[in-house]
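User: Hello! I am new to this structure and would love a close look at a single part of it. Could you pick one strand and walk me through its surroundings?

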There are 2 protein chains.
Amino acid sequence: MKALTTDELLTQFLAGDVRACGRMISLIENEDATARELLHRLYPRTGKAYRIGVTGPPGAGKSTLVGKLAKECRKQNLTVGIVAVDPTSPFTGGAILGDRVRMTALFLDPGVFIRSMGSRGSLGGLALQTREVCDVLDAFGRDVILIETIGVGQVELDIARAAFTTVVVLVPESGDAIQAMKAGLMEIGDVFAINKSDREGADRMTLAVEAVLEMRSRTDEWNPKVVKTVATGGTGFAELLESIWQHRRFLSESRALERSRAEYVRHEVTELLDQRIAERFWKIDAVRKEFADWTERILRHEETPYEAAEQIWQAWLNQGGRIE
Amino acid sequence: MKALTTDELLTQFLAGDVRACGRMISLIENEDATARELLHRLYPRTGKAYRIGVTGPPGAGKSTLVGKLAKECRKQNLTVGIVAVDPTSPFTGGAILGDRVRMTALFLDPGVFIRSMGSRGSLGGLALQTREVCDVLDAFGRDVILIETIGVGQVELDIARAAFTTVVVLVPESGDAIQAMKAGLMEIGDVFAINKSDREGADRMTLAVEAVLEMRSRTDEWNPKVVKTVATGGTGFAELLESIWQHRRFLSESRALERSRAEYVRHEVTELLDQRIAERFWKIDAVRKEFADWTERILRHEETPYEAAEQIWQAWLNQGGRIE
C-alpha cells in the first residue's frame, strides 16, 4: 500500500472514498503527527451531522438496536456513521460469529460506515479521540452519527453525554431499573428504549422507568420519552427514531443545541491544551531528573509522593516555571 | 459538629478513631486544601496493607463476594478496608434493601471499614482519589484493602490493575467468558472466581477460562488460579483467599511486588503533577482571555479547535510560557 501525502488523502476523503475515511480515523487512533492538521482542515465541513449516543448495561442489546436505528435512518435517506466504543459490542473487535452474520447486511451498505474505537491509549484520550472520529464522519458527510458506549464506566458515560440526544437502552429484567439508577443512567437519558419488550415484565418496566423519570430533576423542560422496542423482531424503531427527532426539534427550538455546542467546543479546546501542556512538561530534562531522584527517595521510604510533587513543582517554578 | 484542626484530626485518626478515618476520606473526596498535607503526614505509615482488586461484569456478584472475602480475612485475624468504586455495587449509594440487610453484619464489625467512592469529579481524579483513599486505610492500619470496581470502563479497569492481586469474578452464563475476553478482563486477572458456581455450566465455564488462560501471553511466570465460589452459600472463599496469598508469595519471591510498587509510585507522582500544572495553567489571565476569544471564533465558524489550541499555546509560549 503506497503511502499517501496529506493532500492526496484529503482529496480522496472529500471525494467520498471510504478507505480514505478509515485511514484518517486510523491516523487519529495512532496519534499520528499529521492527524491534528487533517482535523483542522476538515473542521469547516463539520457541524451538519446529528450525533446520537446509545448507552446502557451490557446485554441490553445496544448493538442490535444501533443496527436497527441505522436501517431506520437509511429508510429516511440519511447516511449513517456508527462509532462503537463499547468493549462488549459485536462491532468492536471480537464479535461472536452470530453477531457478525447479523451485522453483515449493515457492513455491505455503503450508506453505513462502522468504526470501533480501541480501548488502548490514555484515559482522557478515548473521549477526545471519539469526538475527533465523530468530526471526521461529520466532515465525511454522514447525516447521523450513532455512538455506542457501555453505560457503566466514567469515560463511557461522558462519551454518551457528548451526543446531542442520548438514548438509554434497558431490558425488562428485575433489578435492571435499579442498576440503571445506580449507574446514573436515568439522569442522562433523553429517550429510553425498553428493548426485548416482548419479554415478560416490559409494561411493568416501562411504568417503573416513567415513574422514576417523573421524579427526575432536570434543568431543561424536556420530558424524556420511553419507547418499547424488540430489536430482534424490528418492532418500535420508527417510533424510537421519531422520539429522537422530537428531542432534536426541542433542542433547536429552545436554543439548547447552541448551548450544548458551545460547551462541546470549550471542552474540546481545553482537552487539547491539557494534553499538550502535560506532554511538554514531562519533556523538560530538569523535571525528568528531579522526578527520577524523588521517586527513588520515595521507594527508599525517605519521602512521600505529596512532598515529591510539591518539591519537583517548586524546583521547576524556581527555575522560571517555563515550558519551551 | 465542631471543626477539628488538622493536628486534632490526625491525633484521633492515629488513635484508631473510625470517624476520623471517614472524615479524612471526605476531605480527599472534596479536594479540601488540607488533604494533601494530611496525606503527606500519613504516608510514612503506609506500605503495610495488601491491596486486592475485585472486578468483573455487572451482576457477577462482586459485592457479595467482597463481603465473603472480608469475613474470611477476619477469620485470619486480619482487619479489612473495603473501597467500592463500582456504581452498581450495593456498597455504593443506592443499595437495594435486601443488599443492605445482608451487608449489615459487615457494617457492624469494627474490623471492617467500608467506603464507597462517588463518581463525581474529574475522570483522572477518580483513579488518583481511589489510590489516596487506599493510602489512608493503609495508614489506618488495615491489613487488607479490597477494592471493588466494575470491569467494563477504562478508568475502572485501571483502578483494579493498581492492586497487587486482581481477582476477576465471572458467572457461568453463556457469553460471559466471551464478554470478559472482549472487555480485557482475561488479561488482567491473577485469580479468577467462577461465582454462582452451583448453577449449571460452572464446570464448562471453568474449563473455558482455563483454556483461554493457557493461551494468554504474560511477561511474568504466574499461572492464574481459577476458583469456584458460591457467594450466597459461602462456599469456596477459604480457597479463594488462599489463591490470593499464593499470588502474594509469588510476587514477593519474584521481587515483582517491588517493581509494581515502583510503578505505582511513579504513576502517583505523575498524576499529582499533571493535575497541578493543568490547574495553574487555566488560572493564567492571558490564557483565559485567549480561550474565551478563540472559542467565540469557533462558535462563529471562523476557526477550528485545533487551530485555537495551537494559537492559545503559541501566544502563551511567546509571552514566556510561564506558570507562576
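Analyst: Here is a walk along one strand of chain B and the strands beside it. Please keep in mind that this is a predicted model.

Our strand is β5 of chain B, which covers residues 165–170. Is it buried or exposed? Six of the six residues of β5(B) are buried, so the strand is largely enclosed by the rest of the structure. The cut-off behind that word is 20 or more other C-beta atoms within 10 Å of a residue's own.

Now look at which way the residues point. In a regular strand the side chains alternate between the two faces of the sheet. In β5(B), one way is taken by B:T165, B:V167 and B:V169. The other way is taken by B:T166, B:V168 and B:L170. Whichever way they point, all of these residues are buried.

Next come the neighbouring strands. One is strand β1 of chain B, residues 50–56, which runs parallel to β5(B) and is joined to it by four bridges. To find this pairing in the picture, start at B:G53, whose bridge partner in β5(B) is B:T166.

Another partner is strand β6 of chain B, made of residues 191–194. Here too the pairing with β5(B) is in the parallel sense, over four bridges. A handy place to spot it is B:V168, whose bridge partner in β6(B) is B:F192.

Put together, β5(B) pairs with β1(B) and with β6(B), and its six residues are buried.

Methods
Residues numbered from 1 in each chain as written. Chains lettered and ligands numbered in written order. Predicted model: local features only at pLDDT ≥ 70, side-chain atom pairs only at ≥ 80, totals over all residues. Buried ≥ 20, exposed ≤ 12 C-beta atoms within 10 Å, placed from the backbone. Helix = DSSP H or I, 4+ residues; strand = E, 2+ residues; numbered from the N terminus. Pairing = 2+ DSSP bridges.
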